[in-house]
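Visitor: I would like to learn how to read a structure of this kind feature by feature. Could you take me through the charges, the strands and the surface in turn?

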Amino acid sequence: MTDANHPDRTDPSRLISGRYRDMATTPMSSSVDRATLYPDTINLSLGDPELTTDPGIIDAAAADAHAGHTHYTDSYGDPELRAQILTTYLEDHSHQHDPDGVMVTTSGCHAMWLVLESILNDGDEVIIAAPYFTPYPHQVRLARGVPVVVDTHPEDGYQLRVDALEAALTERTRAIILNTPANPTGACLSRATQEAIASLADRHDLVVIADEIYTLFSYAEPFRPFVTIPGMVERTVTINSLSKDYLMTGWRIGYVLGPSALIRVMKDVNENNVFTAPSVSQRAAVHALRRRHEIQPPIRELYRERVVHAYERVVATPGMTALSPQGSIYLWVDIRSTGLSSVEVADQIFEQAHVLTIPGIAFGDAGEGFLRLALTVDQDRIDEAFDRIARMPLFSG
């Protein structure tokens with residue numbers, strides 16, 4: 001007999017939390033498996049740069065490991081790395097942050113979870129602008145919060161409308177997540193938009209979580225951190241990472257800048273999670289930040305050239321268009337004129353051209369009718385991908 005009091009002991013789902021029992025695999029994670037189906041697949045799905053971390057960073061981190069940096073670090077992170085993060089913000093952005101307000105994390109995603117876990121009460125709401133980085137709503141729910149999605153639109157250049165943002169606020173709204181340059185759209189919030197959001201956050205006593213892991217890839221104008229807006233230091237939590245800006249995805253190193261009281265709580269929460277980020281990876285981060293002016297410019301220029309070139313290929317392809325590139329390592333491609341869903345188009349491109357992309361619906365309902373292309377292959381492969389797509393009936397004109 002099977003009922004609430006006598007569960008079926010042969011059903012393995014009984015072991016799984018009800019929170020996750022029916023959770024579907026996202027197109028982001030399933031793309032890893034699909035990439036191996038065809039030996040000639042050109043993978044434009046995940047934002048993992050194909051280039052290897054600078055050899056000097058690797059060698060320096062290895063030398064530090066041999067010298068003994070193989071133990072737990074301080075709970076807030078390697079003191080030398082935290083000092084270098086503060087120096088970087090001072091030198092590059094003229095922002096002098098409280099030394100007690102910086103913590104090293106095991107990636108940007110880990111940083112986001114720690115922030116949300118540390119600021120949210122059960123049922124608190126977090127505003128997320130869509131199209132959004134796929135994990136955001138799930139990360140909010142993990143911290144027992146409620147994601148509230150506010151759509152942005154291509155006709156606005158994906159600028160977040162402050163009136164729409166304010167209309168979504170309730171007495172339970174606790175925070176706003178901002179991501180610029182944005183994944184997946186590549187849009188960069190204008191300084192005027194950011195200042196208007198800052199004013200709103202101040203009026204409603206909200207926390208702004210500034211996800212700024214693509215700072216290097218702001219093409220239209222130099223990047224300026226949200227925390228540098230006057231009056232925002234005490235209500236801004238900055239999340240950054242070395243994954244994309246330094247080609248260090250596998251090292252899993254991120255960090256948070258915020259008010260010292262919040263950082264202290266995050267440290268205490270993290271002691272029950274991973275305790276500290278990997279010590280060798282933290283040493284690699286020290287060397288990366290110190291050499292940023294040498295390492296980063298070629299990376300930025302390479303991806304800017306790729307994004308611009310892919311944009312030119314998109315607008316020359318019948319049935320595709322895109323906004324002029326602003327930032328990130330992605331291209332957000334409008335395929336609405338095909339009359340098909342983003343999943344249908346992504347599936348046809350994969351099955352017929354062996355080019356793997358992410359359907360826009362993976363980034364929220366506002367992403368329907370679009371594809372995200374991660375430009376993590378060289379220009380020859382980008383051209384080969386578009387040559388294959390151009391031979392498809394759907395895009396042959």
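Visitor: Which residues form a negative surface patch?

Guide: Please keep in mind throughout that this is a predicted model. The negative surface patch is formed by Asp151, Glu344, Asp365 and Glu368. Of these residues, glutamate 368 lies in the loop between strand S12 (358-359) and strand S13 (370-374), and with a relative accessibility of 32% it counts as partly exposed.

Visitor: In what order do the strands of the open sheet that holds S12 and S13 follow one another?

Guide: The open sheet is formed by four strands in the order S9-S10-S13-S12, and their pairing is antiparallel. Its edge strands are strand S9 (321-322) and S12, each of which pairs on one side only. Between S9 and strand S10 (residues 330-334), which run antiparallel, there are two bridges, and threonine 321 stands opposite aspartate 334 in S10.

Visitor: How should I read the two faces of a strand, and which residues of S7 lie on one side and which on the other?

Guide: The general idea is that in a regular strand the side chains alternate between the two faces of the sheet. In S7, Thr236, Thr238 and Asn240 are on one side while Val237, Ile239 and Ser241 are on the other, and all of them are buried, with the result that both faces are covered. Since six of the six residues of strand S7 (residues 236-241) are buried, that is, under 20% relative accessible area, the strand is largely enclosed by the rest of the structure.

Visitor: Which strands does S7 pair with, and is the pairing parallel or antiparallel in each case?

Guide: With strand S6 (residues 207-211), S7 pairs in the parallel sense over four bridges, and there threonine 238 in S7 is the bridge partner of alanine 210. With strand S8 (residues 254-257), S7 is joined by four bridges and runs antiparallel, and serine 241 stands opposite glycine 254 in S8.

Visitor: How many salt bridges does a search of the whole structure find, and which residues are linked in a network?

Guide: Side chains of opposite charge can pair when their charged atoms come close. A search of the whole structure finds 25 salt bridges, and Asp64, Asp78, Glu80, Arg283 and Arg290 are linked in a network of them. Within this network, arginine 283 forms a salt bridge with glutamate 80, with the closest N and O atoms 3.0 Å apart; this pair links distant parts of the chain, since arginine 283 is in helix H9 (residues 279-290) and glutamate 80 is in helix H3 (residues 79-93), 203 residues apart. Arginine 290 also forms a salt bridge with glutamate 80, where the closest N and O atoms are 2.3 Å apart.

Visitor: Are the three residues of these two pairs buried or partly exposed?

Guide: Arginine 283 is buried, at a relative accessible area of 5%, whereas arginine 290 is partly exposed at 43%, and glutamate 80 counts as partly exposed at 33% relative accessibility.

Visitor: Which residues form the nonpolar patch on the surface?

Guide: That patch is formed by Leu15, Ile16, Tyr20, Met23 and Leu142, which together have about 480 Å² of accessible area. Methionine 23 is placed in the segment before helix H1 (27-34), and at 48% relative accessibility it counts as partly exposed.

Conventions: Residues numbered from 1 in each chain as written. Predicted model: local features only at pLDDT ≥ 70, side-chain atom pairs only at ≥ 80, totals over all residues. Heavy atoms only, no water. Patch = residues over 30% accessible without salt bridge, like charges linked within 9 Å, V, L, I, M, F, W, Y side chains within 5 Å. Areas by Shrake-Rupley, 256 points an atom, 1.4 Å probe, with all protein chains shown as cover. Salt bridge = Lys/Arg side-chain N within 4 Å of Asp/Glu carboxyl O. Lys, Arg positive; Asp, Glu negative; His and termini not counted. Charge placed at Lys NZ, Arg CZ, Asp CG, Glu CD. Buried < 20%, exposed > 50% of the residue type's maximum accessible area, 1.4 Å probe, protein only. Pairing = 2+ DSSP bridges.
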